[in-house]
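Hi everyone, thanks for making room for me today. I'd like to walk you through one protein chain, starting with a helix and then stepping back to the whole. Let's put it on the screen.

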Amino acid sequence: MTDNSALDPEDRKIVTLARSARARNGVPEGAAVRDETGRTYVAGTVALDSLKLSALQTAVAMAVASGARSLEAAAVVTEAAEAAPEDRAAVRDLGGPETPVLVAGPDGAVRTTVTAG
């Protein structure tokens with residue numbers, strides 16, 4: 001487990017935003033991404049009959065739809081132990097393989113940081 005106080009303030013911010021989205025919307029996951037200009041995009045899990053997206057996929061889609069050209073970092077708050085491969089792929093598609101993905105538990109504590117790979 002990572003000590004969140006050691007995180008860069010901008011990374012701590014996206015973890016906090018992701019946690020807030022999860023709690024506010026009562027969804028399984030919350031996510032936030034930061035684009036190349038420092039703008040953030042926050043989302044929760046989408047679970048419609050015709051559309052299912054993880055929180056991280058939704059946040060990446062929101063960034064793309066808003067004109068982001070790249071990502072600096074991503075965060076997901078989840079019960080899962082790690083970011084799903086398809087979530088990392090979405091981050092990689094926009095941010096590249098070295099983009100950090102912070103994975104935090106429901107309490108907001110970062111468990112691990114991986115690259116989008």
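Let's begin with helix α3, on the side where P85 and D93 are exposed. Please keep in mind throughout that this is a predicted model.

Now turn to the other side of α3. Which residues of this helix, 85-95, are buried? They are D87, A90, V91 and L94. Looking down the axis of α3, you would find these buried residues within an arc of 95°, so they line one face of the helix. There is a simple pattern behind that kind of spacing. An α-helix has 3.6 residues a turn, so residues three or four places apart point the same way.

What do the buried residues of α3 pack against? Their partners are α2 (55-65), β5 (71-77) and β6 (100-104). After α3 comes G96, which has a positive phi, near 95°.

Let's visit one of those partners, α2. Its buried residues are A55, L56, T58, A59, V60 and A63. Just after α2 sits G67, and G67 also has a positive phi, about 95°.

Next, my favourite residue in this model: E29. You can find E29 in the loop between α1 (9-25) and β1 (30-35). Is E29 buried or exposed? E29 is buried, and yet it has no salt bridge. The nearest side chain of opposite charge belongs to R22, and it is 7.8 Å away. A salt bridge would need the charged atoms to be within 4 Å.

So who are the neighbours of E29? Leaving aside residues up to four places away in sequence, E29 touches R22, A43, G44, T45, S54, A55, V76, V77, T78 and D87. Two names on that list should sound familiar: A55 is among the buried residues of α2, and D87 is among those of α3.

Finally, let's zoom out. How many helices and strands does the protein chain have? There are 3 helices and 7 strands, and along the sequence they follow the pattern α-β-β-β-β-α-β-α-β-β. The radius of gyration is 12 Å, close to the 13 Å that the globule rule gives for 117 residues, so the chain is as compact as a globular protein of that length. Of those 117 residues, 43% are buried. And among contacts with a separation of 6 or more, 57% are between residues 24 or more positions apart.

That's my tour, and thank you for listening!

Terms used: Residues numbered from 1 in each chain as written. Predicted model: local features only at pLDDT ≥ 70, side-chain atom pairs only at ≥ 80, totals over all residues. Heavy atoms only, no water. Helix = DSSP H or I, 4+ residues; strand = E, 2+ residues; numbered from the N terminus. Buried < 20%, exposed > 50% of the residue type's maximum accessible area, 1.4 Å probe, protein only. Lys, Arg positive; Asp, Glu negative; His and termini not counted. Contact = heavy atoms within 4.5 Å. Arc of directions from axis to C-beta. Rg over C-alpha atoms; globule rule 2.2 N^0.38 Å.
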